[in-house]
Amino acid sequence: MEKIHIFSDSACDIPEPLVKQYNIEIIPIQITHEGRTFREYYDTTPQQYWKLLQSASDIPQTSQITPAQVLECYRHAHDAGCTHVLGILMNAKGSGGFQSCCIARDLFCEEYGKAMHIELVDSETYTMIYGRVLLKAAEMREQGDSFNAILSVVRSRTARSEAVLGVYTLKHLKKSGRISGGAAFVGEALGLKPISHVCAGSVDVCGKARGDKNLIPKMVEFVREHAIGIDKQEAGLLYGAVPEAKIAELEKQLLALGFRQVTRWPIGVSVITNTGPEALAVMYYGKPRG
């Protein structure tokens, strides 16, 4: 009989109550700031990290999960009698964490042979965009679905997962080196707010809104053009340190667009470190990728 262990890195941003409810193992990303190192998920919340970024003069450093951390995950799953392990990880193009999981799998096989089947999925994305795929996998496990059935749904949903990301200030993009100081100066002077498409392992600027009031309508229009079967979907509203009025306005416009439900999720370390806390995003399912 199958016994399935599900794990991820902390960049999936699944809130602690759901992690505990669905028995998902979270391997933490390390964050270093001003000589202090702490673990995402275990030692800080998204809200605490937003405050740190808002007051910090420099950008905290993040470290990918290591093969040693992941090997311990595999060993514990084996000792617990698991027959299968499923890992869904942060975008491999943006972090070496996925490679760490592959290295750890090879080390485990050298030590234990074929005692346990380990399947790793590169989510090609960030935060709850893949966190909700993890939750679906855990729900299916609780319902008694087979490992192959779970893996099939995970791969299908991962291949359709997208998001549009809007940023209210260029200050942190400048700090993180994502844009030059000159571009930030011009952009701030003109009131430009960048909009990016998060899809298939890339985060590409796809437009700009002029002024705060135009950012949300531009994002919603992008979603309208790219989401497939909106009336059958639940949209994910991802937010940082943004006023409640703006979050509520985005939620209102997404419901008016036809989504059957909108669920809010705070953005964690991996995205916010680069965009800065003043960010909003919408995750949805688009066209399947090959």
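**Overall architecture and local features of the predicted chain**

The chain comprises eleven helices and 13 strands. The structure described here is a predicted model. For a chain of 290 residues, a compact globule would be expected to have a radius of gyration near 19 Å, and the value for this chain, 19 Å, agrees with that expectation. Along the principal axes, the C-alpha atoms occupy a box of roughly 60 × 50 × 35 Å.

Burial and contacts were then examined across the chain. Of its 290 residues, 51% count as buried. Among contacts with a sequence separation of 6 or more, 77% are made by residues 24 or more positions apart. The exposed area of the chain amounts to about 13100 Å², of which 51% is supplied by carbon and sulfur atoms. With respect to charge, the chain carries 32 positive and 32 negative charges, and the mean positions of these two sets are 6 Å apart.

Aromatic residues were considered next. A pair of aromatic rings is described by the distance of the centres and the angle of the planes. Five aromatic pairs are found in a search of the whole structure. In one of these, the ring centres of Tyr-74 and Phe-108 are separated by 6.1 Å and the ring planes meet at 75°; because planes over 60 degrees apart count as edge-to-face, the pair is assigned to that class. This pair connects distant parts of the chain, since Tyr-74 belongs to helix H3 (residues 67-79) and Phe-108 to helix H4 (residues 97-112), with their positions 34 residues apart in sequence. Both Tyr-74 and Phe-108 are buried.

Phe-108 also pairs with Tyr-112. The centres of these two rings lie 4.5 Å apart and their planes are at 20°; as planes under 30 degrees apart count as stacked, the arrangement is a stacked one. Phe-108 and Tyr-112 are both located in helix H4, where four residues, about one turn of the helix, separate them. The two partners differ in accessibility: Phe-108 is buried, with a relative accessible area of 0%, whereas Tyr-112 counts as partly exposed at 26% relative accessibility.

Together with Phe-7, the residues Tyr-74, Phe-108 and Tyr-112 form one aromatic cluster. Phe-7 is situated in strand E1 (residues 4-9), and the cluster therefore includes a residue from a strand as well as residues from helices H3 and H4. Phe-7 has a relative accessible area of 0% and is accordingly buried. Its C-alpha atom is separated by 35 Å from that of Leu-215, a residue 208 positions away along the chain.

Beyond helix H4, the loop leading to strand E7 (117-122) contains Lys-114. Lys-114 has a relative accessibility of 85% and counts as exposed. Although Lys-114 and Thr-83 are 31 residues apart in sequence, the distance between their C-alpha atoms is 9.8 Å.

In the N-terminal part of the chain, helix H1 (residues 16-21) contains Val-19. The relative accessibility of Val-19 is 6%; because this value falls under the 20% limit, the residue counts as buried. When neighbours within four places in sequence are set aside, Val-19 is in contact with Ile-14, Ile-24, Ile-26 and Tyr-41. The C-alpha atoms of Val-19 and Thr-275, residues separated by 256 positions in sequence, lie 25 Å apart.

Backbone geometry was also inspected. Most residues other than glycine have a negative phi. Asn-23, in contrast, has a phi near 55°, a positive value in a residue that is not glycine. Asn-23 is placed in the loop between H1 and strand E2 (25-27), and its relative accessible area of 53% classes this residue as exposed. Glu-34, likewise not a glycine, has a positive phi of about 50°. The loop between strand E3 (30-33) and strand E4 (36-39) holds Glu-34, which is exposed, with a relative accessible area of 65%. Both residues with positive phi described here, Asn-23 and Glu-34, are thus located in loops and are exposed.

Notes: Residues are numbered from 1 along each chain as its sequence is written. This is a predicted model: local features need pLDDT of at least 70, side-chain atom pairs count only at pLDDT 80 or more; totals for chains, interfaces and linings use all residues. Side-chain values use heavy atoms; hydrogens and water are left out. Helices (H or I, at least four residues) and strands (E, at least two) are DSSP runs, numbered from the N terminus. The radius of gyration is taken over C-alpha atoms; the globule rule is 2.2 Å times the number of residues to the power 0.38. Buried means under 20% relative accessible area, exposed over 50%, partly exposed in between (1.4 Å probe, protein chains only). Contact means heavy atoms within 4.5 Å. Accessible areas come from the Shrake-Rupley method with a 1.4 Å probe; for residues, only the protein chains shown count as cover. Lys and Arg count as positive and Asp and Glu as negative; His and the chain ends are not counted. The place of a charge is taken as NZ of Lys, CZ of Arg, CG of Asp or CD of Glu. Rings of Phe, Tyr and Trp (its six-membered ring) pair if their centres lie within 6.5 Å; planes under 30 degrees apart count as stacked, over 60 as edge-to-face and the rest as tilted.
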